[in-house]
Amino acid sequence: MQTVRQIVTTGTGGIEVMKVQEKPDPQPRAGEVLIRVRAAGLNFADILSRQGLYPDSPPKPCVMGYEVSGVIEAVGQDVNSSFVGKSVAAMTRFGGQSELVAVKANHVFDKPDKLTFEQAAAIPVNYLTAYGLLVVMGSLHAGESVLIHNAGGGVGLAAIDLGKKIGAVTYGTASPSKHKFLAERGLDHAIDYRGRDWLPELQKLTNGRGVDLIIDPLGGAHWKKSYAALRHTGRLGMFGVSTASANGLAGKFKIIKALLQMPRFQPLTLMNKNRGVFGLNLGHMWHEPEKIALWMRDILRGVEEGWVRPYVDQAFPFEEIGKAHRYLEDRKNIGKVVLVP
Ligand SMILES: NC(=O)c1ccc[n+]([C@@H]2O[C@H](COP(=O)([O-])OP(=O)(O)OC[C@H]3O[C@@H](n4cnc5c(N)ncnc54)[C@H](OP(=O)(O)O)[C@@H]3O)[C@@H](O)[C@H]2O)c1
């Protein structure tokens, strides 16, 4: 029997639960392709899963991984055999952090020639999430303003690309060490949210008016503050609870705190304040491949035109998965971290 190396989250805990293990080769089923993985994305959800704080996590032991790039090695029944040998990027419903992964053919996209495999693996989760938030649900228009929380993360950098392309004024919160890089990427106003309260800073920068769109993956009390920072016809997009990230009991305590601090939105207040609120979870879009394909078509056009610029901060070999987790948890990353077999 052939085996593949996979990154396995063997249980809930610290980085020591992350192991590389040999498993039997996956086989493509009908409608699937088998991808020889060249790079797999690491996402914040993987950290939360390891910490036992991610409700969508598969039961452990599990192989995480929402996205890969690589080369199609085989196809299942009903899939055109001419796909074999193609370089692709794909959304994977877990299992991507593996040398080989079987994926539904309609979750696969051509890898743009101008991108490396590592850059291509940085596209699906970050850019589709940012696209859903800014373009589809946030309806951001030229001349409007957007506050991108966690602007130095993978989704944050993708949101800056999209915000600039749309012609919006961009504000972003990030650790201060990332501000210079973010300015070089085109962020108009960087705000330190670690050392001080970001809300008065934003109010100062906007002459007390607030902004048109806020995308907020921090959660808890931040969602309340973000809602308060909207101007009329402003929209708040909520898509994560990264403030809860911590190991052991501290994580459980933080998630309960975040739940208790969440805002409760009233329809009449929304109406009278002319505000909109929405949520986005890309991991709950598997049944909408047509929508995802449309979003991706625009994103890939952006790659060709040069305004979609996936940025890979670090590529860690599978064996260094613990280091890679620690790198994200220590907030050291700017943009994407990928894993290479
Ligand atoms: N709903 C969805 O579909 C969806 C999809 C993708 C991502 N997300 C969510 O979006 C958020 C960002 O994801 P990402 O992939 O862009 O992030 P990422 O690239 O993994 O970046 C991690 C960054 O998050 C910031 N951060 C904020 N709170 C943190 C904490 N408690 N511990 C460690 N780092 C913290 C740090 O940067 P700074 O300190 O510089 O801010 C850190 O460098 C996460 O909450 C993730 O779960 C949601």
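Trainee: Let's start with A121: is it buried or exposed?

Mentor: Keep in mind that this is a predicted model. Anything under 20% relative accessible area counts as buried. A121 has a relative accessible area of 0%, so it is buried. You'll find A121 in helix α2, residues 117–121.

Trainee: And which residues does A121 touch, beyond those up to four places away in sequence?

Mentor: Among them are A39, A40, G41, E67 and V68, plus K336 and V338. Sequence distance can mislead you here: V312 is 191 residues from A121 along the chain, yet their C-alpha atoms are separated by 9.1 Å.

Trainee: Okay, now helices. Why do residues three or four places apart point the same way?

Mentor: An α-helix has 3.6 residues a turn, so that spacing brings you round to the same direction. Now take α6, residues 198–205, where W198, L199, E201 and L202 are buried. Looking down the axis of α6, the buried residues fall within an arc of 160 degrees, so they line one face of the helix.

Trainee: What covers the buried residues of α6?

Mentor: The cover includes strands β8, β9, β10 and β11, along with helix α7.

Trainee: What caps the N-terminal end of α6?

Mentor: That's D197, with a side-chain oxygen 3.1 Å from the backbone nitrogen of L199. Just after α6, N207 takes a positive phi of about 50 degrees.

Trainee: How about R235, buried or exposed?

Mentor: R235 has 13% relative accessibility, so it counts as buried. It sits in strand β12, and a polar atom of its side chain lies 2.8 Å from the backbone oxygen of G138. Other contacts of R235 include E144, D212 and F278.

Key
Residues are numbered from 1 along each chain as its sequence is written. This is a predicted model: local features need pLDDT of at least 70, side-chain atom pairs count only at pLDDT 80 or more; totals for chains, interfaces and linings use all residues. Side-chain values use heavy atoms; hydrogens and water are left out. Buried means under 20% relative accessible area, exposed over 50%, partly exposed in between (1.4 Å probe, protein chains only). Helices (H or I, at least four residues) and strands (E, at least two) are DSSP runs, numbered from the N terminus. The arc is that of the directions from the helix axis to the C-beta atoms. Contact means heavy atoms within 4.5 Å. A polar contact is a pair of N or O atoms within 3.5 Å; within protein, one must be able to donate a hydrogen and the other to accept it, and residues adjacent in sequence count only if both atoms are side-chain atoms.
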